[in-house]
Amino acid sequence: PSWCRQTGGERGRVCGVEHQRGRVCGYYGKVLKKTVDLKTNACMTPSSPVPLPIRQALKMVHPDVSDKYYGCGLVVPESLQGCRVLDLGSGSGRDCYMLSQLVGEKGYVTGIDMTEDQLEVARTYVDYHMKEFGYKKPNVSFVQGYIEALKEAGIEDGSCDIIISNCVVNLSPDKKRVLEEAFRVLKDGGEFYFSDVYSSGRLTEELRRHQVLWGECISGALWWEDLLLLAGEVGFSAPRLVTAKPVTVDNSELQSILGDFRFVSATYRLFKVPAGARTPALVMYEGNVAGLEESFTLDTHYTFKVEEAVAVDGEVAEILSRSRFSDAFTVQRGAPAPPGVAAPRVRTELSGEVPVPSSPS
Ligand SMILES: C[S@@+](CC[C@H](N)C(=O)[O-])C[C@H]1O[C@@H](n2cnc3c(N)ncnc32)[C@H](O)[C@@H]1O
């Protein structure tokens, strides 16, 4: 967007959505120079121990790119080889360059972001990374555009296997539109796997207008229950929680403004599988996902050990049989659960395991 390029988002005359986008653009394009400039840890919450292949892939990313990383989670789903991945709000491109290695030369990663300054950093290092990875032609590109308007940015219907996003959806003034666009551009069976910040309740208008808290990925946070609602309205499977960690606002002034609201950085996975009648099933993991020969973890509730029968609800059965994991599972629909088989549990909400969301009273 030209106003973003020309002014870094400082233009005060634009209003509403554009004004909000302008402020975010200015924050990430001009105000912040490096990860250390952040005032809260929302956009830098570290995830649980990072697996070795991912650590190695991250090490290969140029420091100028990593220095401008503002993500809040690890957005690396399984079985990436050969996949077409879209990164919503790719920033300086750290995750794109990490995933570029994991999808391999036959896969492709597209990053989309609205902030020219961030895109410029990302694009500067395409040749560097391709040379480092030993690729003959680039498998990464960066597009300028809005995550609410992927069509205008040239992203076709059903063109992506996987969409990832790292600490960006909270910055969008129209989160439902983001989910609708993600749903449109995913292939059938595709997955939206993303890390973001969630709140313990619906935030007040006053908080949502706070410029720094919005830019720091706090006051735009969705109430986690609203994510469940929006995902269902758009047609996605119920969000499945992968990880969650509390976000701390180590700044007393900002913390006092936030009152009793609490925040987590969480990674959810949403699948594009057909809606409709669902039949529970018995499933068995074959152990053939690279690097996961012993067990496969779908979310906080389902870890499938190799060759062990597990009873799952109809939606999980759909996910395992329609997604890119279909070759890794045998799915026997309507089969009665034999004695001793783990019972299906459907709990996607942010509770229990994580010391988080109780709504402020
Ligand atoms: C917190 S940073 C995260 C960047 C990147 N994902 C990372 O992990 O380093 C948020 C990024 O999202 C971009 N962004 C925010 N809202 C956007 C929108 N509506 N459309 C496109 N990009 C957006 C910003 O320009 C910024 O680069």
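This is a short walk through the cores, the cavities and the largest pocket of this structure.

Okay, one thing up front: this is a predicted model, so please keep that in mind while we look around.

Let's start with packing. The largest nonpolar core has 33 residues. If you want to find your way into that core, look for the residues with the most contacts inside it, which are Leu86, Leu88, Ile163, Phe192, Tyr198, Phe236 and Tyr268. Plenty of elements feed in: β1 (84-88), β4, α8, β5 (186-199), β6 (222-223), α11 (224-234), β7 (240-247) and β8 (263-271) each supply at least two residues. And which element has the largest share of this core? That's α11, with five residues.

Take Ile163 as an example. Setting aside anything within four places in sequence, Ile163 contacts Leu86 and Leu88, then Ala182, Val185 and Leu186, and also Glu191, Phe192 and Tyr193. There's also a second core, separate from that one, with 31 residues; Leu102, Val121, Phe142 and Ile164 are among them. As a bit of background, nonpolar side chains in soluble globular proteins tend to be buried together.

Now, the empty space inside. How many cavities of 30 Å³ or more does the structure hold? Two. The largest cavity comes out at about 420 Å³. It has 31 lining residues, and the ones closest to its centre are Gly89, Gly91, Asp113, Val168 and Leu171. Elements giving two or more residues to that lining are α2 (16-31), α5 (94-103) and β2 (108-113), and α2 gives the most, with four. By class, the lining of the largest cavity splits into 12 nonpolar, 12 polar and seven charged residues.

I'd like to stop at Leu171 for a moment, since we just met it by the centre of the largest cavity. Leu171 sits in the loop between β4 (160-166) and α8 (175-185). Is Leu171 buried or exposed? It's buried: its relative accessible area is 11%, and the cut-off for buried is under 20%. As for partners, beyond four places in sequence Leu171 touches Val24, Tyr28, Trp214, Gly215 and Cys217. Look at Val24 in particular: Leu171 and Val24 are 147 residues apart in sequence, yet their C-alpha atoms are 7.4 Å apart in space.

On to the second largest cavity, at about 40 Å³. Its lining is Val169, Asn170, Lys175, Phe194, Asp196, Val197, Tyr198, Leu222 and Leu227. You'll recognise Tyr198 from the list of residues with the most contacts in the largest core. β5 gives the most to this lining, with four residues, and the class split is six nonpolar, one polar and two charged.

Last stop, the largest pocket, with a volume of about 1,000 Å³. There are 31 residues around it, and those nearest its centre are Ile54, Val76, Pro77, Glu78 and Leu292. α3 (52-59), β7 and β8 are the elements that give two or more residues to the lining. By class, that lining has 17 nonpolar, nine polar and five charged residues.

So where does the largest pocket lie? Domain 1 (9-271) and domain 2 (281-333) both give residues to its lining, so the pocket lies between them.

That's the tour; happy to go back to any of these spots on the screen.

Technical notes: Residues are numbered from 1 along each chain as its sequence is written. This is a predicted model: local features need pLDDT of at least 70, side-chain atom pairs count only at pLDDT 80 or more; totals for chains, interfaces and linings use all residues. Side-chain values use heavy atoms; hydrogens and water are left out. Buried means under 20% relative accessible area, exposed over 50%, partly exposed in between (1.4 Å probe, protein chains only). Contact means heavy atoms within 4.5 Å. A nonpolar core is a set of buried Ala, Val, Leu, Ile, Met, Phe, Trp, Tyr and Cys residues joined through side-chain atoms within 4.5 Å. On a 1 Å grid over the protein atoms alone, a cavity is a set of points where a 1.4 Å probe fits but cannot get out, and a pocket is an open set with protein on both sides within 12 Å along at least five of seven lines; lining residues have an atom within 4 Å of a point. Grid points are joined across faces, edges and corners, and a volume is the space filled by probe spheres set on the points. Ala, Val, Leu, Ile, Met, Phe, Trp, Tyr, Cys and Pro count as nonpolar, Asp, Glu, Lys and Arg as charged, and the others, Gly among them, as polar. Domain bounds come from an automatic or database domain assignment.
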